[in-house]
Amino acid sequence: MSVAATLQRAQAQASELRQIYRGILRVQRDWPAQKDRSHRLSAFIKSRARQLLSSKSAGPADLAYARRELDALREMLEGKVLEKVTQTICPVMNSNHQQHPLGEGSLMMTVLPPRAQFQLLDLSSQQSLSKEKVSTLTFFPTPVYPLSPKRQVPDHIARPDYAVTGDPISERKLRNSSQIEVLNKEDIEHMRVVCKIGREVLEIAKAAVQVGVSTDEIDRIVHEATIARNAYPSPLNYYGFPKSCCTSVNEVICHGIPDRYELKDGDILNIDISVFYNGFHSDLNETVYVGNVDETGKKLVETTRECLQKAIEFVKPGMLYRDIGEVIQKVADAANFSVVRSYTGHGVNKYFHCSPTIPHYAKNKAVGVMKAGHVFTIEPMICEGTWRDEQWPDRWTVVTTDGKRSAQFEETLLVTETGVEILTRP
C-alpha cells in the first residue's frame, strides 16, 4: 500500500477514534473511575495522532508507529471501555427511568445506579446490540443522568415566572434590547437584601465541601438554605435546569448539574448560587479547593480571583463595559492562562439575565457605558489550557475541549456615583 493510501486510512482511523472518544466523554461523568484514563487517551488522540497523521511528509515508519498506537487505543477503547459502556448504558424498562426515543434507528443511553441490570438496546428494533455491533458504531450518546428527584419549594415562597413552565417569558421579551436599566433607591435596597441572602447560602455551601461529599448533597444543602430564607433558588427550572445551583468540577467551565459525583482529593469545585427574593435575583459564585490541590490548580484559582478583583476595581461611572475584558485578559495572559469567550457577565435585577452583556476577553464588542444604578455581574472563567469549550448533550454542562481545569469567581455589582459597591460580599 502506498504512503498516501496508508496516510488516508490512518487519518480515517484517527477521525473515527476521536468520535468514539467524544461519545465516551459524554457519559463518563457517571463512571468517574474511567475519567483520568480517558483524558490521557484524549490528549494523545488530539495531539500526537493529529500531528503524525496530518503531516504529508510523514514517513512510513511514522505512519506505522501511529497506526500501532491507534490500534492499541482502539482495542483499549472498544474492547474495554465500550465493553463497560455496553454493560452500563441503556434505555432499560425501569420504574425510575423513563425512555425517550430519539427517532428511528437511534440510541438512547442512560446511566443507571450501581447494581442495576444493564443492557444496550436499539430503539428501532428493541433488540439488544452485540459487542461486535457496538464496536463498529460512531455515536454521540444522549445521557440521562441518575439525578435525584426535583426538589420542592414551599407554596408560600414567591416564584419567578419560569418556576412552573421553565420559560422565563418576561426575560425573553428583553432579549433583543441593549437598554440597561437604572435602578432606583427602592430597587437597590431590594438588591442588597437578595444579594445578602445569596452570600449566606454560598457560605453554607462552601462549609459543606469536603472529600467524599457528592455535588447532589451540596445542591440539597443549597436548596434547604435558600427556602429557609423564604427565597427561591433561581436556577431551578430556569429553561428546565433540574437543580438549585450549579456545581462545576475541574474541567467543567460552568453550568455543571449536581449529581452523584463524589468530590475527590485535589478537585477544584465552583459553586454558583443564585436566589430570587421579593421580585429580585442575585448571582455569585466561587471556586474552592477540595482537600490537597496541586500548585498549578492553586495558581489557576488565585489568578481567577485576581482577574475578578482587578475587574471590580475598574468599575465606576463613565467606563466602557467592553474594557472590562481588557483588564481580565491582561491578568490571565500574565499567568499563561486563557479566558473563556462563550459565556459572559450580565445584568441582574428583576430578571435573572439581562443587559448589559459583559465579555471577559480583550477586544470584544460589548456596548454600553457604566452609570450609577446599573447592577450586573462580572464572572470570569479562566482555563489552564485552551479557552475553547464544548457542551454536553444535557444542554447545560460546559467543559474545556482539552480536559484541562477551569476556575471562576462571580460577584453582583452596583455602580455608585463614585465607584462600585459589591452587593454579594459581606
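**Exercise 1. Classify K363 in this predicted model: is K363 buried or exposed?**

Solution.
- Take the relative accessibility of K363, which is 75%.
- Exposed means over 50%, so K363 counts as exposed.
- Now place the residue: K363 sits in the loop between β10 and β11 (375–378).
- Check the backbone too. Phi of K363 is near 60 degrees, a positive value in a residue other than glycine.
- Most residues other than glycine have a negative phi.

**Exercise 2. Find the loop that holds H255, then assign its exposure class.**

Solution.
- H255 lies in the loop between β5 (252–254) and β6 (268–277).
- Its phi is near 65 degrees, positive although H255 is not glycine.
- The relative accessible area of H255 is 24%.
- The class between under 20% and over 50% is partly exposed, so H255 is partly exposed.

**Exercise 3. Locate the cis peptide bond that involves P356 and name the strand of P356.**

Solution.
- Read omega for the bond between S355 and P356: about 10 degrees.
- That bond is cis.
- Most peptide bonds are trans.
- P356 belongs to strand β10, residues 354–358.

**Exercise 4. Describe the surroundings of H346. Which side chain makes a polar contact with the side chain of H346?**

Solution.
- Start with the element: H346 is in strand β9, residues 345–347.
- Relative accessibility is 6%, so H346 counts as buried.
- The polar partner is D283, with the side chains 3.0 Å apart.
- Leave out residues up to four places away in sequence. H346 then touches D283, F352, H353, C354, P356, I358, F376, T377, E379 and E410.
- P356, the proline of the cis bond with S355, is therefore among the contacts of H346.

**Exercise 5. Count the disulfides. Why do C245 and C254 form none?**

Solution.
- The count is zero.
- A disulfide needs sulfur atoms within 2.5 Å.
- For C245, the closest cysteine sulfur is in C246, at 6.8 Å, which is too far for a bond.
- For C254, the closest cysteine sulfur is also in C246, at 7.7 Å, again too far.
- Add accessibility. C245 is buried at 0%, and C254 is buried at 4%.

**Exercise 6. Map the largest nonpolar core. Which of its residues touch the most other members?**

Solution.
- The core has 31 residues; M191, V209, I218, L263, L269, I271 and I273 touch the most other members.
- Next, trace the elements. α6 (185–207), α7 (215–228), β6 and β7 (280–289) each give at least two residues to this core.
- The largest share comes from α6, with eight residues.
- Zoom in on I218. Beyond its neighbours within four places in sequence, I218 contacts A205, V209, V213, T247, L263, L269 and I271.
- Another core lies apart from the largest one. It has 29 residues, including L300, V331, V339 and A407.

**Exercise 7. Summarise the whole chain. How many helices and strands does the protein chain have?**

Solution.
- Count the elements: nine helices and 17 strands.
- Take the buried fraction: 53% of the 426 residues.
- Look at contacts between residues at least 6 apart in sequence. Of these, 71% join residues at least 24 apart.
- Finish with the surface. The chain exposes about 19,400 Å², and carbon and sulfur atoms supply 49% of that area.

Note on methods
Residues numbered from 1 in each chain as written. Predicted model: local features only at pLDDT ≥ 70, side-chain atom pairs only at ≥ 80, totals over all residues. Heavy atoms only, no water. Helix = DSSP H or I, 4+ residues; strand = E, 2+ residues; numbered from the N terminus. Buried < 20%, exposed > 50% of the residue type's maximum accessible area, 1.4 Å probe, protein only. Contact = heavy atoms within 4.5 Å. Areas by Shrake-Rupley, 256 points an atom, 1.4 Å probe, with all protein chains shown as cover. Polar contact = N/O pair within 3.5 Å; in protein donor to acceptor, adjacent residues only side chain to side chain. Core = buried A, V, L, I, M, F, W, Y, C linked by side-chain atoms within 4.5 Å.
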